[in-house]
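Reader: Could you take me on a close look at one part of this structure, the sheet and what surrounds it? I would enjoy a connected account rather than a list.

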Amino acid sequence: MGKQPTQGQKKTKDQIAKAASQRSKQTKKKWTKGRAKDKLNNAVYLDQASYKQIETQLPKMGALITVSTVSDKFKVNGSLARRCIRHFAKSGLLVPAGDQNSKQYIFTVNAQVVAAQKAAAAAAAADKPQTQKKAPAKK
């Protein structure tokens, strides 16, 4: 709102037209600053290295494994995360947690399979001949 004319004065048509033209030149007030969300650059394909990483890290993720947790941790898109969960569920590494819905995959780690993998890794480490390092020669 501009200044009101003093008592007894009226605005002329020129003053009214000038005020209207100045008002149209101003930009309209925006109430929100449209904050843009950063676009995720998630992988669409799995290579051998990322598959191995998912295979080793997935059992360590804890009690709750969903599409979103796999997608966030391994930087893969949602459809690839669903495929990974289905693949590891078929192989027995993951077991469903409760009743399953076709829209939301909720899985947990199969503790028996993880324990068997740890035992196999420990047995393989025990079977390896350990080489002893020579002590450095004293001067």
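Author: Happy to; here is a walk through the sheet, followed by the aromatic pairs and the main pocket.

Please keep in mind that this is a predicted model. To set the scene, the chain has 5 helices and 3 strands, and along the sequence these elements follow the pattern α-α-β-α-α-β-β-α. Of its 139 residues, 18% count as buried. Contacts over long stretches of sequence are part of the picture too: among those between residues at least 6 apart, 43% join residues at least 24 apart.

Now to the sheet itself. The 3 strands make an open sheet in the order E1-E3-E2, with antiparallel pairing. E1 and E2 are the edge strands, each pairing on one side only. As a reminder, strands of a sheet pair through backbone hydrogen bonds, in either a parallel or an antiparallel way.

Let us take the two pairings in turn. Strand E1, residues 65-66, runs antiparallel to E3, and 2 bridges connect them. On this side, Thr66 is found opposite Ile106 of E3. Strand E2, residues 94-96, is also antiparallel to E3, this time over 3 bridges. Here Leu94 stands opposite Val109 of E3, while Val95 has Thr108 of E3 as its bridge partner.

Strand E3, residues 106-109, deserves a look at its two faces. Phe107 and Val109 make up the covered face, whereas Ile106 and Thr108 belong to the uncovered one. If you put this beside the bridges, Val109 of the covered face is the residue opposite Leu94, and Thr108 of the uncovered face is the partner of Val95. Ile106, also on the uncovered face, is the residue that Thr66 stands opposite.

Phe107 leads us on to the aromatic rings. The whole structure holds 2 aromatic pairs. One of them is stacked: Tyr51 and Phe88 lie 5.8 Å apart, centre to centre, with 20° between their planes. This pair links distant parts of the chain, since Tyr51 is in helix H2 (residues 48-57) and Phe88 in helix H4 (residues 78-91), 37 residues apart. The two partners differ in their surroundings: Tyr51 counts as partly exposed because its relative accessibility is 23%, while Phe88 is buried, with a relative accessible area of 2%.

The rings of Tyr105 and Phe107 have centres 6.3 Å apart, and their planes meet at 80°, so this pair is edge-to-face. Both of its members count as buried: Tyr105 has a relative accessibility of 16%, and Phe107 has 9%. For Phe107, that value sits alongside a place on the covered face of E3.

Helix H2, which carries Tyr51, also brings us to the largest pocket, as H2 and helix H5 (111-127) each supply at least two residues of its lining. The space in this pocket comes to about 180 Å³. Its lining consists of Glu55, Thr56, Pro59, Lys60, Val114, Gln117 and Lys118. H5 gives the most, with 3 residues. By character, the lining divides into 2 nonpolar, 2 polar and 3 charged residues.

To come back to where we started, E3 is the strand between E1 and E2 in the sheet order, and its Phe107 takes part in the edge-to-face pair with Tyr105.

Key: Residues are numbered from 1 along each chain as its sequence is written. This is a predicted model: local features need pLDDT of at least 70, side-chain atom pairs count only at pLDDT 80 or more; totals for chains, interfaces and linings use all residues. Side-chain values use heavy atoms; hydrogens and water are left out. Rings of Phe, Tyr and Trp (its six-membered ring) pair if their centres lie within 6.5 Å; planes under 30 degrees apart count as stacked, over 60 as edge-to-face and the rest as tilted. Helices (H or I, at least four residues) and strands (E, at least two) are DSSP runs, numbered from the N terminus. Buried means under 20% relative accessible area, exposed over 50%, partly exposed in between (1.4 Å probe, protein chains only). Two strands pair if DSSP finds at least two bridges between them. On a 1 Å grid over the protein atoms alone, a cavity is a set of points where a 1.4 Å probe fits but cannot get out, and a pocket is an open set with protein on both sides within 12 Å along at least five of seven lines; lining residues have an atom within 4 Å of a point. Grid points are joined across faces, edges and corners, and a volume is the space filled by probe spheres set on the points. Ala, Val, Leu, Ile, Met, Phe, Trp, Tyr, Cys and Pro count as nonpolar, Asp, Glu, Lys and Arg as charged, and the others, Gly among them, as polar. Contact means heavy atoms within 4.5 Å.
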